[in-house]
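Trainee: I am new to this structure and would like to understand the reasons behind the words used for it. Could we go through them one by one?

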Amino acid sequence: MKRIAFVAQAFFILPLLTLNFPAHSQADGTVEKLETLQITSNRLKTSVEQYTGSATVITAEEIEQSGKTHVGDILRDALGVDLRQSGPTGALSTLFLRGANSDSTLVMIDGVQVNANTLGSFNFADLNVDNVQQIEILRGPQSTLWGSDAVGGVINIVTKRGRGKPSVYTSFEGGSFSTFKETIGASGQEGRMDYSVTASRTDSAGFSAKNLSKGATENDGYENTTLSARTGANLPGDLRIDFIGRYSSSYLDIDGFSGDDITRQSSTKTFNVSLPINKQITDWWDITFRPSYFYEVARDAQATKEDAIYNRNITFELQNNMEFNENLSTVFGMEYQRLAGHNVLNKFKHDSHNYGFFMQTRLDLMEAWTFTGGFRKDLLSEFEDPLTYRFEGAYRITSTGSKIHASYSTGFRAPTFNQQFFPNFGRAGLKPEESKGWEAGIQQSLLRGQVQLGITYFETRFTNLLVTPPPAFTLSQVGSAKTRGTETEIRAQLPYRSQISINHSFLEARDGNGTKLPNRSKHRFNTQISKDFGDDFNLLVGVRFRSQAGAVEPFKTVRLAARYQMTEKLKLTARVENLFDEDYEEVDTFSTAGASGYAGFVYDF
């Protein structure tokens, strides 16, 4: 399988190296330079080029170009990510990063931690792309900055900030499975104030969550209302205050593991809010105080009973950023967090709290070397107090456009409330998972920056890993486990206003006895080719492949997305998903959509 991974990477790297790009762009072959992107989720003020670890930033332009309406669908194509959905729109969608469990990836919205304390993971089903400026993916253990749950990495969704002249827009999309989405939004600046707000409604008749080939026939419908807002004010004395909030309410028809269920419906309401207050103390020192709150209630309304599950996170964070000069910067601070979970039907209620103290420093030397190091000490209410640390380094060779990077880090994850207390599932005496991981890679710029390619090898060793292997899904804590693999990516600006991006993820995950960890796919391959036809029309083609994962067979899908700027104010959109009607599953026995089409418009007032 190592040979297969190597051949797959060579297959799409070598052809690009032979392309003959023109020395100067022509009128019909313009090559555009990508803008500098900033990463906010590593706490230091860092661009993607400066970052010494493995990261991907998905921009608002890339989100719009994809035509996709949900964050989970965007992440599904990202490097190192394996996202699985158990049925139609609105069904449970969980994410696995670098082979770590779904509850080992920390998900944040504007720095607010939104993982459910009961399950430990985050359900992407209701998170649409409304008002999203960018999506940041940090791969590898990140406990040094963010504490528990960041063993596999961090996903941070950043909300748009209002800029420029006030504007209003509305959009509509409709298509297969009687799916309709309506959105209205406004953004802009007025003096010292800025704002960006959206409201949307999604309705879909759906299809059966259980696989139709296994006898399921009843459609599982979905409804969602989402509100998102970010407002801020620049006050005298170099003071800035922001209010960032997001509310979602959804209803979903669901099936059980045994098949169709015509009476079962779930409803979920989530709300997250933060109030960052930033003060510039000097020209090299600023402080941010960020109180935040996350609330979720999920109800499973069944024929004879109603099950309500509550999750609440309260966080107070104080962060200091110091940039002593252009070569030396540091961040340090503390965090208090109180986590609560309550399962009404199964009669357990629990809460915990912890204090975290963190520090990280970046040093740039001779415009070639970058070193980053940091540590975090957590004081937990229920487990031993862990110390985690991370060291990174990068070396840039300007003359060849090369960057060599490496890192070593540790992480931990406390058992979830369900793993400790859920009746007939949870176990007493569980230990926190611990991890040690390292990676090394190279990024290469070719043809005056028109081609960017990179390859990274990573390896992570776990102790006390918690798993629930099928078919019984009984919780067990294995003594040790190891994941390793490679992540390869190419992005190229092609002639004639075309772009291509290709990524391949190879993963091998086994426990200490050499047994494969369940439901991990070895190979994931994604490619996107887009072309601008003039200034008004853009067409995108996407291909996705995933190898076998447990009982789920390998599959490949093809999609199309198009945008046409009809007038200065009116834009038309269209997309086709699963173009060739592939019959496949992402989760064993659960359905996916066949060939489906959607069309709509965006109108700017």
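Mentor: Let us begin with pairing: two strands are said to pair if DSSP finds at least two bridges between them. Please keep in mind throughout that this is a predicted model.

Trainee: What makes β20 and β21 a pair?

Mentor: The requirement is at least two bridges, and β20 and β21 have 12 bridges, in the antiparallel sense, so by that definition they pair. One of these contacts joins Tyr 355 to its bridge partner in β21, Leu 379. The two strands form a hairpin with three residues between them, where Met 366 takes a positive phi near 55°.

Trainee: How do you know that β21 also pairs with β22?

Mentor: Here the count is nine bridges, again antiparallel, with β22 covering residues 387–397; since the definition asks for at least two, these strands therefore count as paired. Thr 370 has Ala 394 as its bridge partner in β22, and this hairpin has six residues between its strands.

Trainee: Why is Phe 371 called partly exposed?

Mentor: Phe 371 lies in strand β21 and has a relative accessibility of 36%. Buried means under 20% and exposed means over 50%, so Phe 371, at 36%, belongs in between and is called partly exposed.

Trainee: Which residues of β21 point to the face where Phe 371 is found, and which point to the other?

Mentor: The side chains along β21 alternate: Trp 369, Phe 371, Gly 373, Phe 375, Lys 377 and Leu 379 point to one face and are not buried, whereas Thr 370, Thr 372, Gly 374, Arg 376, Asp 378 and Leu 380 point to the other and are buried. Phe 371 also helps to make a nonpolar surface patch of about 730 Å², whose members include Trp 284, Phe 324, Met 366 and Trp 369. The elements giving two or more residues to that patch are β20 and β21.

Trainee: Why is Ser 292 called buried?

Mentor: Ser 292, in strand β17, has a relative accessible area of 9%, and because the limit for buried is under 20%, the word applies to Ser 292. Apart from neighbours within four places in sequence, Ser 292 is in contact with Val 112, Val 273, Ser 274, Asn 313, Ile 314 and Thr 315.

Trainee: How do you know that Glu 64 and Lys 571 form a salt bridge?

Mentor: The definition asks for a side-chain nitrogen of Lys or Arg within 4 Å of a carboxyl oxygen of Asp or Glu. For Glu 64 and Lys 571 the N to O distance is 2.2 Å, so the pair meets the definition. This salt bridge links distant parts of the chain, with Glu 64 in helix α2 and Lys 571 in strand β31, 507 residues apart.

Trainee: What makes one partner buried and the other partly exposed?

Mentor: Lys 571, at 17%, counts as buried because the cut-off is under 20%, while Glu 64, at 34%, counts as partly exposed.

Trainee: Why does the pair of Lys 482 and Glu 459 count as a salt bridge?

Mentor: Their closest N and O atoms are 3.8 Å apart, and since the limit is within 4 Å, the pair qualifies. Lys 482, in β26, and Glu 459, in β25, are 23 residues apart. With 27%, Lys 482 is partly exposed, whereas Glu 459, with 11%, is buried.

Key:
Residues numbered from 1 in each chain as written. Predicted model: local features only at pLDDT ≥ 70, side-chain atom pairs only at ≥ 80, totals over all residues. Heavy atoms only, no water. Patch = residues over 30% accessible without salt bridge, like charges linked within 9 Å, V, L, I, M, F, W, Y side chains within 5 Å. Areas by Shrake-Rupley, 256 points an atom, 1.4 Å probe, with all protein chains shown as cover. Helix = DSSP H or I, 4+ residues; strand = E, 2+ residues; numbered from the N terminus. Buried < 20%, exposed > 50% of the residue type's maximum accessible area, 1.4 Å probe, protein only. Contact = heavy atoms within 4.5 Å.
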